[in-house]
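Welcome to a short set of exercises with worked solutions. Please keep the viewer open and try each task before you read its solution.

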Amino acid sequence: MAYTGRFAPSPTGALHLGSLAAALASFLQARHHSGRWLLRIDDIDPQREQPGSASGIIQTLHEFGLQPDAPVIYQSQRKHLYQQAMEQLLSSGHAYPCGCSRAVLDEQGRYPGICRHGLPEGASARSIRVRCDGAEIDFDDAIAGPQQLQLDELSGDFVIRRADHCFAYQLCCAVDDAAPGITEVVRGSDLLACSGKQIHLRRLLQLSSPRYAHIPLITDRQGRKLSKSAADDPLQQGEPADAMRLALQHLRHAPPAQVTSVDGMLAWALQHWQPGRLSSAWS
Ligand SMILES: [Zn+2]
C-alpha cells in the first residue's frame with residue numbers, strides 16, 4: 001500500500017512551535033517515502049474550539065510550504081462514522097453505558113469499573129466506556145522502538161462518548177487513522193498512551209492500525225519542555241524563519257547557517273531527511 005501520512009491538529013488556538021515540528025516531521029516522512037500527506041482538523045469538541053483557529057492553522061501550514069495532497073478532512077463532518085463505531089462496540093458487548101462522574105476515578109485518573117456489569121440501581125447513563133479487560137498493547141514504533149502498554153494501568157475502561165454526547169478524541173482518532181488508507185502516524189511522544197488506546201479500539205472494531213512513529217518530546221536547547229507561551233514562540237511572534245530553523249533543530253535536522261529562507265530550509269530538509277536521527281534522540 002502506498003505511504004500515506006497525516007497531520008491532525010485540534011483547532012484550539014494558533015499553531016505553536018511544537019505543532020509545527022510535528023507537522024514538519026509527518027510531512028518530511030511522507031515525502032521521504034514518496035507518499036501522500038493529509039491534513040485533518042480534529043474539531044470534534046466545540047467547547048475547546050477557538051473560532052478562526054482552523055483556518056489560521058491551515059494558512060500557517062501553507063506559508064511553511066506544507067500543503068496537503070487532498071482536501072482538508074474535518075472531524076465535525078464525520079460524526080456518523082463515530083456513531084456507527086460506537087454502536088458496533090455496544091452491540092458486540094465491548095462498550096457499556098456508565099453513570100459515574102469523574103469523582104470515581106483514582107489518583108491516576110483510572111476508572112475502577114463500577115458500571116462494567118450494568119448501571120447501579122438508580123443511576124442513569126452519562127457516558128459510554130469501552131472495556132479494556134487487561135488488554136496489553138504491543139507495537140513496534142518506527143522511531144521510539146518496541147512499546148508495551150497495559151491499558152488497565154493507564155486508564156482502565158475509557159470513555160468513547162462523553163456525558164455531553166461529544167464523541168471522545170480516542171474514538172474519532174481511532175476511526176479516522178484507519179479510514180483514508182493512512183499507513184503511518186507521526187506525532188509527538190505525549191500521545192504514546194493515546195496510540196495504545198486507539199490500537200485497542202481498532203482491534204475491537206476489526207480495523208487495521210497504521211504504523212506509529214512518535215517523535216521525542218520537543219525541548220529547547222537546555223532540554224526543557226518547549227513552552228507553549230506565545231511570547232517565547234517565534235512562530236506566534238511572526239518570525240517564520242526562526243520558527244522553521246528551531247523546529248528543524250528539534251527534529252535533529254538543523255539546516256546550514258547559509259540557508260536562511262523558509263522555502264530554502266524546507267527544500268534542504270526534504271533532501272536530507274533521515275528519520276533514524278530521531279531514534280537516537282529517544283535513548
Ligand atoms: Zn460508571
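**Exercise 1. A loop residue with an unusual backbone**

Does H165 count as buried or exposed, and how many C-beta neighbours does it have inside 10 Å?

Solution. Bear in mind throughout that this is a predicted model. Start by locating the residue: H165 sits in the loop that runs between β8 (158-161) and α5 (169-176). Next, count its surroundings. H165 has 9 C-beta neighbours inside 10 Å, and a residue is exposed if that number is 12 or fewer, so H165 counts as exposed. Finally, look at the backbone: the phi of H165 is positive, near 70 degrees, in a residue other than glycine. As background, most residues other than glycine have a negative phi.

**Exercise 2. A second case to set beside it**

Find where R252 lies, and work out how exposed R252 is.

Solution. R252 belongs to the loop between α7 and α8. Its phi is positive too, about 60 degrees, although R252 is not a glycine. Inside 10 Å there are 16 C-beta neighbours, so R252 counts as partly exposed.

**Exercise 3. The two faces of a helix**

Work out which residues of α2 are buried and which are exposed.

Solution. First, pick out the buried positions of α2: A54, I57, T60 and L61. Then look down the helix axis. These buried residues fall within an arc of 130 degrees, so they line one face of α2. Turn to the other side, and you meet S55, Q59, H62 and E63, which are exposed. What does the buried face of α2 pack against? Its buried residues pack against α1 and β2. Last, follow the chain past the helix: α2 is followed by G65, with a positive phi near 80 degrees.

**Exercise 4. Strands and their partners**

Give the strand order of the open sheet that has three strands, then describe how β6 and β7 pair.

Solution. The open sheet has the order β1-β2-β3, with parallel pairing. β1 (4-7) and β3 (73-74) are at the edges with a single partner strand each, so one side of each is left without a neighbour in the sheet. Between β1 and β2 there are four bridges in the parallel sense, and R6 has L38 in β2 as its bridge partner.

Now move to β6 (residues 136-141), which pairs with β7 in the antiparallel sense over six bridges. A hairpin of three residues joins β6 to β7, and I137 stands opposite L149 in β7. Of the six residues of β7 (residues 145-150), the number buried is zero, so this strand lies largely in the open.

**Exercise 5. Cores and domains**

Which residues touch the most other members of the largest nonpolar core, and which helix gives the most to this core?

Solution. The largest nonpolar core has 41 residues, and L20, A21, L24, A25, A247 and L251 touch the most other members. Elements that each supply at least two residues include α1 (17-32), β2 (36-41), α7 (240-250) and α8 (262-272). Of these, α1 gives the most, with 10 residues. A second, separate core of 24 residues includes Y96, V159, I160 and F167.

To finish, place the domains. The assignment gives domain 1 (4-76 + 219-282) and domain 2 (79-167). Their C-alpha centres lie 31 Å apart, and the contact takes six residues from each of domain 1 and domain 2. On the domain 1 side, the residues touching domain 2 divide into four nonpolar, one polar and one charged.

Notes:
Residues are numbered from 1 along each chain as its sequence is written. This is a predicted model: local features need pLDDT of at least 70, side-chain atom pairs count only at pLDDT 80 or more; totals for chains, interfaces and linings use all residues. Domain bounds come from an automatic or database domain assignment. Two residues are in contact if their C-beta atoms, placed from the backbone, lie within 7 Å. Ala, Val, Leu, Ile, Met, Phe, Trp, Tyr, Cys and Pro count as nonpolar, Asp, Glu, Lys and Arg as charged, and the others, Gly among them, as polar. A nonpolar core is a set of buried Ala, Val, Leu, Ile, Met, Phe, Trp, Tyr and Cys residues joined through C-beta atoms within 7 Å. A residue is buried if 20 or more other C-beta atoms lie within 10 Å of its own, exposed if 12 or fewer, and partly exposed in between; C-beta atoms are placed from the backbone. The arc is that of the directions from the helix axis to the C-beta atoms. Two strands pair if DSSP finds at least two bridges between them.
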